[in-house]
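New to this one? Take a moment to turn the model around before reading on.

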Amino acid sequence: QRYGPADPSRWYSGALRHDRSPGDLSFLNHKPAGQHGFVRARGDQLVFSDGTPVRFWGGNLAAYAIFEDKELIETQAKRIAQLGYNLMRIHHQDSMGWVGRTVIDKTRSDSQHLDGEVMDRLDYWIKCLRDQGVYVWLDLHVGRLFKQGDGIGDGYAEMVRRSSRQEAGAEAKGYCYFNDRIEQLMKDLNARYLSHVNRYTGLAYKDDPAIMGLLITN
């Protein structure tokens with residue numbers, strides 16, 4: 001059945017504020033995240049290095065939300081914990097075709113350099129979430145577009161032709177599984193991304209136990 005016509009005059013205004021939670025479940029999180037070591041699988045459970053079992057309930061921090069001002073990042077990290085979350089996934093961090101600023105520097109002629117300013121905001125997100133006992137899931141590849149300067153060579157023109165955003169570059173989905181040059185480009189950026197040292201925690205992403213998991217490709 002179809003819904004009836006909407007009557008906005010009967011809707012509640014400001015029923016849920018964007019900058020605070022109606023309840024506070026943050027006491028459920030141990031703080032900071034990572035104090036029990038890295039997450040690993042043990043049978044059908046997830047456990048920390050010290051044997052403490054863990055369950056995660058999470059959401060997405062996606063696209064434009066990553067590159068926000070630091071005061072808002074602090075506020076939202078606190079609110080996320082108050083709402084009962086203990087995990088956030090960093091998503092669409094590299095979606096160059098439609099997100100304004102991404103972890104990949106879009107001003108370059110290739111897709112191999114990280115944007116320092118965006119990485120600074122991501123560092124701060126991770127630091128603030130960590131302080132609130134919220135773990136982080138990093139996506140390694142979602143919407144990266146390859147450019148002429150990446151030197152893909154044979155097949156690049158075909159990739160661009162098949163891309164939905166031809167003016168921005170070539171869609172990378174799937175090609176890393178059979179194109180050697182693209183496979184290496186993906187490995188190189190992943191290594192650069194995970195070796196990046198968070199200026200607020202002093203830890204490289206790969207060495208931070210508050211980063212509990214990775215998605216290789218979306």
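What follows is a short tour of the overall build, then the charged side chains.

First things first: this is a predicted model. The chain has four helices and nine strands. Starting at the N terminus, the order of elements is β-β-β-β-α-β-α-β-β-α-β-α-β. Measured out along the principal axes, the C-alpha atoms fit a box of roughly 55 × 55 × 35 Å. Of the 218 residues in the chain, 44% are buried. Among contacts with a separation of 6 or more, 73% are between residues 24 or more positions apart. As for the outside, the accessible surface is about 12,300 Å², and carbon and sulfur atoms account for 50% of that.

Now for the charges. The chain carries 29 positive and 28 negative charges, and the mean positions of the two sets sit 4 Å apart. In general, side chains of opposite charge can pair when their charged atoms come close. Here the count is 13 salt bridges, including these:

| Salt bridge | Closest N and O atoms |
|---|---|
| Aspartate 120 and lysine 70 | 2.9 Å |
| Glutamate 183 and lysine 187 | 3.3 Å |
| Lysine 206 and aspartate 207 | 3.2 Å |

Salt bridges with shared partners also tie Arg101, Asp115, Glu117 and Arg121 into one network.

The pair of aspartate 120 and lysine 70 links distant parts of the chain: aspartate 120 belongs to helix α2 (residues 116-131) and lysine 70 to helix α1 (residues 70-82), 50 residues apart. Aspartate 120 is buried, at 13% relative accessible area, while lysine 70 is partly exposed at 28%.

Glutamate 183 and lysine 187 both sit in helix α4 (residues 180-195), and because they are four residues apart, about one helical turn separates them. Glutamate 183 is partly exposed, with a relative accessible area of 30%, and lysine 187 is partly exposed too, at 47%.

In the remaining pair of the table, lysine 206 is partly exposed at 47% relative accessibility, and aspartate 207 is partly exposed at 37%.

So much for paired charges; what about lysine 147, which is buried yet has no salt bridge: which side chain of opposite charge is nearest? That would be aspartate 105, 7.1 Å away. Lysine 147 is found in the loop between β7 (145-146) and α3 (156-162). A polar atom of the lysine 147 side chain does lie 2.8 Å from the backbone oxygen of arginine 108. Leaving aside residues up to four places away in sequence, lysine 147 touches Met96, Lys106, Arg108, Ser109, Asp110, Tyr156 and Ala168.

Methods. Residues are numbered from 1 along each chain as its sequence is written. This is a predicted model: local features need pLDDT of at least 70, side-chain atom pairs count only at pLDDT 80 or more; totals for chains, interfaces and linings use all residues. Side-chain values use heavy atoms; hydrogens and water are left out. Helices (H or I, at least four residues) and strands (E, at least two) are DSSP runs, numbered from the N terminus. Buried means under 20% relative accessible area, exposed over 50%, partly exposed in between (1.4 Å probe, protein chains only). Lys and Arg count as positive and Asp and Glu as negative; His and the chain ends are not counted. A salt bridge is a side-chain nitrogen of Lys or Arg within 4 Å of a carboxyl oxygen of Asp or Glu. A polar contact is a pair of N or O atoms within 3.5 Å; within protein, one must be able to donate a hydrogen and the other to accept it, and residues adjacent in sequence count only if both atoms are side-chain atoms. Contact means heavy atoms within 4.5 Å. Accessible areas come from the Shrake-Rupley method with a 1.4 Å probe; for residues, only the protein chains shown count as cover. The place of a charge is taken as NZ of Lys, CZ of Arg, CG of Asp or CD of Glu.
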